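Let's take a walk through the empty spaces of this protein. Have the sequence and the model open beside you as you read.

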Amino acid sequence: MGIFSDALDILAGRWTAVVLACLLPLTGSALIEVIPVGDGWFVLVPLLLVQLCLYTCIAVAIHRVVLIGSDSVPRFGVMLHFSRRELRFAGFLLLFGCLVFAGFFLMNLGAYVSLLMFGALLYLVPVFSIVFPAAAVDNDLTLRELLSVGRYHYWLLAKATLVIPLIVGLLMNGLGQVAAEMFGDVPPLLAIVSAQVVGALVLIIEIAVLSVAYREIEHRESPQAIFGS
């Protein structure tokens, strides 16, 4: 079975723990997105920080439920338990965001630089992403281990972070267009709620897929395995 089907199987078996752990932070994140606010930096920056904290709670909870089990997180998630684990995870998110932003910014410097940065991002995004499930289960990866991931397990992580999210996104977008054609205009509130629910499902699946990819790398019994070898 592939990492996508494995992730769906795990989520299906532990759906109660996933829903309870993510309900509060997902609801908070959805409210921030749909409630009108000002557009000044004094409003946007605090909201971005809150969203960062909420996403951290969601991602850490899902990674731990998938990799450790339903009892690895409090019943209603980790939002009220922002420990060193969550702080490290949030720090990695900020670093990851800065790397991606820098890459896209440098793409404006010319065709050759743009091509180089695009290739660099195609490599860095999958490889760097392994730090997220690792941080969620308190595994401090070294730079040597990250380089080993890039050398031996790049295509598995590219599948988990680029290919599968792209396919899932296109599929959900297509289903949304079909639903719009079938049902026509729907009440704005229903449309907003539906979009938030679908977005939450996609987010949960993508995080779970990355968790399964991490688990597969961890459990591979070969000289190239980097965790616990």
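Here is a tour of the pockets and the cavity, one after another.

Keep in mind that this is a predicted model. Start with the largest pocket, which has a volume of about 740 Å³. A total of 29 residues line the largest pocket, and the ones closest to its centre are Leu26, Gln196, Val197, Ala200 and Leu201. To find the walls, look at α2 (15-34), α3 (41-67) and α9 (188-219), as each of these gives at least two residues to the lining. And what about the chemistry? The lining of the largest pocket is made up of 23 nonpolar residues, five polar ones and one charged one.

Next stop: the second largest pocket, at about 420 Å³. Here α3 turns up again, now with α4 (84-106), and each supplies at least two lining residues. The largest share is from α4, with six residues. Among the residues to pick out on the screen are Leu48, Tyr55, Leu93, Phe96 and Phe101. By class, this lining has nine nonpolar and two polar residues, with no charged ones.

Finally, look for enclosed space. How many cavities of 30 Å³ or more does a search of the whole structure find? Just one turns up, and it holds about 30 Å³ of space. Its lining consists of Phe96, Leu99, Val100, Leu121, Leu124 and Val125, with α4 and α5 (111-128) being the elements that give two or more residues. Sorted by class, that lining comes out as six nonpolar residues, with no polar and no charged ones. Phe96 is worth a second look: this residue lines the second largest pocket and also the largest cavity.

Definitions and conventions: Residues numbered from 1 in each chain as written. Predicted model: local features only at pLDDT ≥ 70, side-chain atom pairs only at ≥ 80, totals over all residues. Heavy atoms only, no water. 1 Å grid on protein atoms, 1.4 Å probe; cavity = no way out; pocket = protein on both sides within 12 Å on 5 of 7 lines; lining within 4 Å. Points joined across faces, edges and corners; volume = space filled by probe spheres on them. Helix = DSSP H or I, 4+ residues; strand = E, 2+ residues; numbered from the N terminus. Nonpolar A, V, L, I, M, F, W, Y, C, P; charged D, E, K, R; others polar.
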